[in-house]
Amino acid sequence: LSSDPRFDKKRMVLWGHSRNGKSALVAAAFDPRVSGVIAHQSGRGGAALTRSTLGETVAEITEKYPYWFAPDFKNYAGMEQSLPIDQHQLIALIAPRPVLFTGGRSDGWADPEGAFRAIQGAQPAYQLMGSDGLKQPDMKHPDLTGDLSFYIRGGNHGSTTYDWNMFLDWMDAHFTNASAAGISAQ
């Protein structure tokens with residue numbers, strides 16, 4: 001897409017819900033051409049901390065979806081605390097590019113609290129790269145202008161009209177003509 005003149009290569013945002021949110025985060029971590037990510041309810045293996053005691057376990061997700069992960073990941077089933085890495089480090093690899101994370105209050109499998117803690121854990125990498133990173137004090141008060149943003153809404157796992165309005169507001173905050181030129185959109 002970056003070589004196609006129909007697209008602005010300075011404003012390439014990856015969007016993914018659930019499994020595809022996991023993929024969007026990994027793609028951005030390894031490809032600097034990605035300008036931003038919307039990781040919508042990406043859960044375990046995405047934004048949520050794997051060492052979290054909430055949400056879907058490694059045993060549950062690797063049993064149901066073994067093809068989503070490296071084969072050895074299943075070896076941490078029941079031993080999540082022994083993982084040498086966690087999701088805040090994946091998020092840190094994306095710094096200082098903006099990422100929007102989301103959660104549904106009734107979507108316990110995706111572990112929105114674990115995702116917010118991972119975002120907080122990535123904050124030092126964003127600051128090291130000259131970004132304010134996470135500007136909001138908690139999950140309940142979203143600040144879409146932060147390079148690390150999170151919102152939680154009522155409901156379960158899925159995309160709603162509310163979500164799409166939030167996605168568009170976040171993109172407006174980060175990818176207007178001014179922000180694409182390197183000027184922070186405030």
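**Exercise 1. A strand and its surroundings**

Decide why strand 4 (residues 148-153) can be called largely enclosed by the rest of the structure.

*Solution.* Start with the cut-off: a residue is buried when its relative accessible area is under 20%. Next, go through the strand: six of the six residues of strand 4 are buried, so the rest of the structure largely encloses this strand. Then take the two faces in turn. L148, F150 and I152 are buried on one side, and S149, Y151 and R153 are buried on the other, so that both faces are covered. Keep in mind as you work that this is a predicted model.

**Exercise 2. The partner of strand 4**

Find out in which sense strand 3 and strand 4 pair, and what unit they make with helix 4.

*Solution.* First look at the pairing: the two strands run in the parallel sense, with six bridges between strand 3 and strand 4. For a concrete place to look, V99 stands opposite L148 of strand 4. Now add the helix. Together, strand 3, helix 4 and strand 4 form a β-α-β unit, and this unit is right-handed.

**Exercise 3. An enclosed space**

Locate the largest cavity and work out which elements supply at least two residues of its lining.

*Solution.* Begin with the count: there is one cavity of 30 Å³ or more. The volume of the largest cavity is about 50 Å³. Its lining includes A39, Q41, F101, T102, P112 and A115. Turning to the elements, strand 3 (99-104) and helix 4 (112-128) each give at least two residues to this lining. Finally, sort by class: seven lining residues are nonpolar, four are polar and one is charged.

**Exercise 4. An open space**

Describe the second largest pocket and name the element with the largest share of its lining.

*Solution.* The volume of the second largest pocket is about 360 Å³. Among its 15 lining residues, G45, F73, I85, Q87 and L90 are the closest to the centre. Helix 1 (19-30) and helix 3 (87-92) each supply at least two lining residues. Helix 3 has the largest share, with three residues. By class, ten of the lining residues are nonpolar, four are polar and one is charged.

**Exercise 5. One histidine**

Is H88 buried, partly exposed or exposed, and which residues does H88 touch?

*Solution.* Place the residue first: H88 belongs to helix 3. Its relative accessibility is 22%, so H88 counts as partly exposed. Leaving aside residues up to four places away in sequence, H88 touches L49, A118, G121 and A122. To link back to strand 4, measure across to F150: the C-alpha atoms of H88 and F150 are 14 Å apart in space, while the two residues are 62 apart in sequence.

Methods:
Residues numbered from 1 in each chain as written. Predicted model: local features only at pLDDT ≥ 70, side-chain atom pairs only at ≥ 80, totals over all residues. Heavy atoms only, no water. 1 Å grid on protein atoms, 1.4 Å probe; cavity = no way out; pocket = protein on both sides within 12 Å on 5 of 7 lines; lining within 4 Å. Points joined across faces, edges and corners; volume = space filled by probe spheres on them. Helix = DSSP H or I, 4+ residues; strand = E, 2+ residues; numbered from the N terminus. Nonpolar A, V, L, I, M, F, W, Y, C, P; charged D, E, K, R; others polar. Buried < 20%, exposed > 50% of the residue type's maximum accessible area, 1.4 Å probe, protein only. Contact = heavy atoms within 4.5 Å. Pairing = 2+ DSSP bridges. Right-handed = clockwise from strand over helix to strand, strands pointing away.
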